[in-house]
Amino acid sequence: MPAIRIEASHKRVRSYLAGQLVADTFHPVLVWEGPHFPVYYLPADDIRAELVPAGRTKHSPTRGEGQILDVKLATATAPGAALRYPESPLEELRGLVGRINNTAEQVNTASTAARDIATRLLTASEAQSKE
């Protein structure tokens, strides 16, 4: 089973859909699960769009059964752009919504942390190549 690391952050993270604000938070959580890139999870209270169950789920061996959600605004919808684990074995993830970011082409995430993430990934990559 892949290792998972959860990091609380105090960076501001905002997500947009069709130029409209979907989420705005100063309390994102960065979830690292190799071999995948890290993903921001945001407090559900900081989501400004409607989250509509898409009628599908996604299973993760570490996070549990995930509910796939459509992100809906008055003028645009991003099907399957959000994911939440309300009954996750990882208590830190239960009140959060994940994947409201650029993994869904229609939704873009802007963050002051983007440079930090790129630096961490580069540093981790360099460390592995030296081993």
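This text walks through a predicted model, starting from a pair of strands and moving to the nonpolar cores and one buried acidic residue.

Strand 7 covers residues 64-72, and a hairpin of four residues connects it to strand 8. The two strands run antiparallel and are joined by five bridges. Within this pairing, Leu69 lies opposite Ala82 of strand 8.

In soluble globular proteins, nonpolar side chains tend to be buried together. Here the largest nonpolar core has 19 residues, and those that touch the most other members are Leu17, Val22, Leu42, Ile47, Leu51, Val71 and Ala82. At least two residues of this core come from each of strand 2 (13-17), strand 3 (20-25), strand 4 (29-33), strand 5 (39-43), strand 7 and strand 8 (77-84). Strand 8 contributes the most, with three residues. A second core, separate from this one, has ten residues, among them Val39, Tyr41, Ile68 and Leu93.

Leu42 can serve as an example from the largest core. Beyond residues up to four places away in sequence, Leu42 touches Val13, Ser15, Ala23, Thr25, Pro28, Ile47, Gly95, Leu96 and Val97.

Strand 7 also holds Asp70. Which side chain of opposite charge is nearest to this buried residue? It is that of Arg56, 5.1 Å away, and Asp70 has no salt bridge. A salt bridge requires a distance within 4 Å, so the pair with Arg56 does not count as one. The side chain of Asp70 instead reaches the backbone nitrogen of Gly80, at 2.7 Å. Apart from neighbours within four places in sequence, the contacts of Asp70 are Glu50, Leu51, Val52, Ala54, Thr77, Ala78, Pro79 and Gly80.

Definitions and conventions: Residues are numbered from 1 along each chain as its sequence is written. This is a predicted model: local features need pLDDT of at least 70, side-chain atom pairs count only at pLDDT 80 or more; totals for chains, interfaces and linings use all residues. Side-chain values use heavy atoms; hydrogens and water are left out. Buried means under 20% relative accessible area, exposed over 50%, partly exposed in between (1.4 Å probe, protein chains only). Lys and Arg count as positive and Asp and Glu as negative; His and the chain ends are not counted. A polar contact is a pair of N or O atoms within 3.5 Å; within protein, one must be able to donate a hydrogen and the other to accept it, and residues adjacent in sequence count only if both atoms are side-chain atoms. Contact means heavy atoms within 4.5 Å. A nonpolar core is a set of buried Ala, Val, Leu, Ile, Met, Phe, Trp, Tyr and Cys residues joined through side-chain atoms within 4.5 Å. Two strands pair if DSSP finds at least two bridges between them.
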